[in-house]
Amino acid sequence: MDKADIRRCMLEKRCSISDEKSIEKNLAIQQKLLLTPRYKEANVIALYSSFRGEVKTERLIERALFDGKKVVMPKVSMEDYRMHFIAISAKDDLVTNSYGLKEPEQKQTNSGYFAEENIDLFVVPGVAFDLSGNRLGMGKGYYDRALQSVSRDSVVALAYEFQLIDSVPAENHDVVMGTIITEERIIDTLNI
Ligand code: ADP
Ligand code: MG
């Protein structure tokens, strides 16, 4: 299967899990993340706004702010497929963009971007993953571009167990996950 086939098949599955099951799984994934030394030690954490069946992050955003972390959230630029991180101080700082995605508000163009090298932990969504840490996204390479020079250790993916497949086709530009957290386990992709 190529990237497009896997994407199609996974998105169908991700949307078809029942609400009840999804609440349970989301809680398990969130709890696992909160217990990792990486989360506990991080001062600055990049989180995402969950969209269309991705592992949910609303509680994580609230909890990280409550824990005194600096929380940064991605803002995408549709023209050049770039993504930048902007700090928020409350969940209400997020506004819905034209694609229905919740993003931090930007007061002035190109200002307030948080440099990737100052972010301790990147929590990322995805469509499919393999145990080597390869990630399939929505097909625009936003995270590949944004995380191309960050340390692999600082990248933690949240996924449902069924999103793990034998092998994700990986290209040179693809960013590799250091850790993948599912409802069942924490996968350290460097020690598998
Ligand atoms: P996704 O990671 O969202 O599943 P792909 O890995 O297929 O999507 O990447 C989508 C597109 O983005 C590809 O055409 C790829 O060449 C481009 N791309 C990804 N990373 C970079 C990068 N660092 N610089 C330039 N183009 C990139
Ligand atoms: Mg990619």
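Contact is taken here to mean heavy atoms within 4.5 Å. In this predicted model, lysine 70 touches Asn43, Val44, Ile45, Ala87 and Phe114 when residues up to four places away in sequence are not counted. Lysine 70 belongs to strand S2, which covers residues 70–77, and with a relative accessibility of 41% the residue counts as partly exposed. Its C-alpha atom is separated by 7.7 Å from that of serine 89, although the two residues stand 19 residues apart along the chain.

The magnesium ion, ligand 2, has as its protein donors Asp144 and Asp174, each through an OD atom, at 1.9 to 2.1 Å from the ion. This pair links distant parts of the chain, since aspartate 144 lies in helix H5 (residues 142–146) whereas aspartate 174 lies in the loop between strand S10 (155–158) and strand S11 (179–181), 30 residues away. Aspartate 144 and aspartate 174 are both buried.

The two aspartates also appear in the surroundings of ligand 1, which is surrounded by 13 residues, the closest being Gly137, Gly139, Asp144, His173 and Asp174. In terms of residue character, this shell divides into six charged, five polar and two nonpolar residues. Helix H1 (3–15) and helix H5 each supply at least two residues of the shell. Among the polar atoms placed around the ligand, a polar backbone atom of glycine 139 is found 2.8 Å from an oxygen atom of ligand 1, and an N or O atom in the side chain of arginine 145 is found 3.1 Å from an oxygen atom of the ligand. A nitrogen atom of ligand 1, in turn, lies 3.1 Å from a polar side-chain atom of glutamine 148. Of the 560 Å² that ligand 1 exposes when taken alone, the protein buries 70%.

The loop between S10 and S11, which holds aspartate 174, also holds glutamate 161. Glutamate 161 has a relative accessible area of 16% and is therefore buried, the limit for this class being under 20%. The side chain of glutamate 161 is joined to that of arginine 185 by a polar contact of 2.6 Å. Once neighbours within four places in sequence are left aside, glutamate 161 is in contact with Thr182, Glu183, Glu184 and Arg185.

Elsewhere in the chain, strand S4 (residues 94–96) contains leucine 94, which counts as buried because its relative accessibility is 12%. Leaving aside neighbours within four places in sequence, leucine 94 is in contact with Ser49, Ile61, Met73, Ile88, Lys102, Glu103 and Pro104. The C-alpha atoms of leucine 94 and valine 156, by contrast, are separated by 22 Å, with their positions 62 residues apart along the chain. Aspartate 93 is placed in the loop between S3 and S4 and, at 27% relative accessibility, counts as partly exposed. With residues up to four places away in sequence not counted, aspartate 93 touches Ile88, Glu103, Pro104 and Glu105. For glutamate 105, which is 12 residues from aspartate 93 in sequence, the C-alpha to C-alpha separation from aspartate 93 is 6.4 Å.

Two residues that are not glycines were found with a positive phi, namely arginine 52 at about 40° and tyrosine 81 at about 55°. Arginine 52 is located in the loop between strand S1 (44–46) and helix H4 (58–66), and its relative accessibility of 52% places it among exposed residues, for which the value must be over 50%. Tyrosine 81 occupies the loop between S2 and strand S3 (82–88) and, with a relative accessible area of 34%, is partly exposed.

Glutamine 30, finally, is part of helix H2, which covers residues 19–35. The relative accessible area of glutamine 30 is 6%, so this residue is buried. Apart from neighbours within four places in sequence, glutamine 30 is in contact with Lys56, Arg59 and Leu60.

How values were computed:
Residues numbered from 1 in each chain as written. Chains lettered and ligands numbered in written order. Predicted model: local features only at pLDDT ≥ 70, side-chain atom pairs only at ≥ 80, totals over all residues. Heavy atoms only, no water. Donors = N, O, S within 2.8 Å, 3.2 Å for Na, K, Ca; no water. Helix = DSSP H or I, 4+ residues; strand = E, 2+ residues; numbered from the N terminus. Buried < 20%, exposed > 50% of the residue type's maximum accessible area, 1.4 Å probe, protein only. Near = heavy atom within 4 Å. Polar contact = N/O pair within 3.5 Å; in protein donor to acceptor, adjacent residues only side chain to side chain. Areas by Shrake-Rupley, 256 points an atom, 1.4 Å probe, with all protein chains shown as cover. Nonpolar A, V, L, I, M, F, W, Y, C, P; charged D, E, K, R; others polar.
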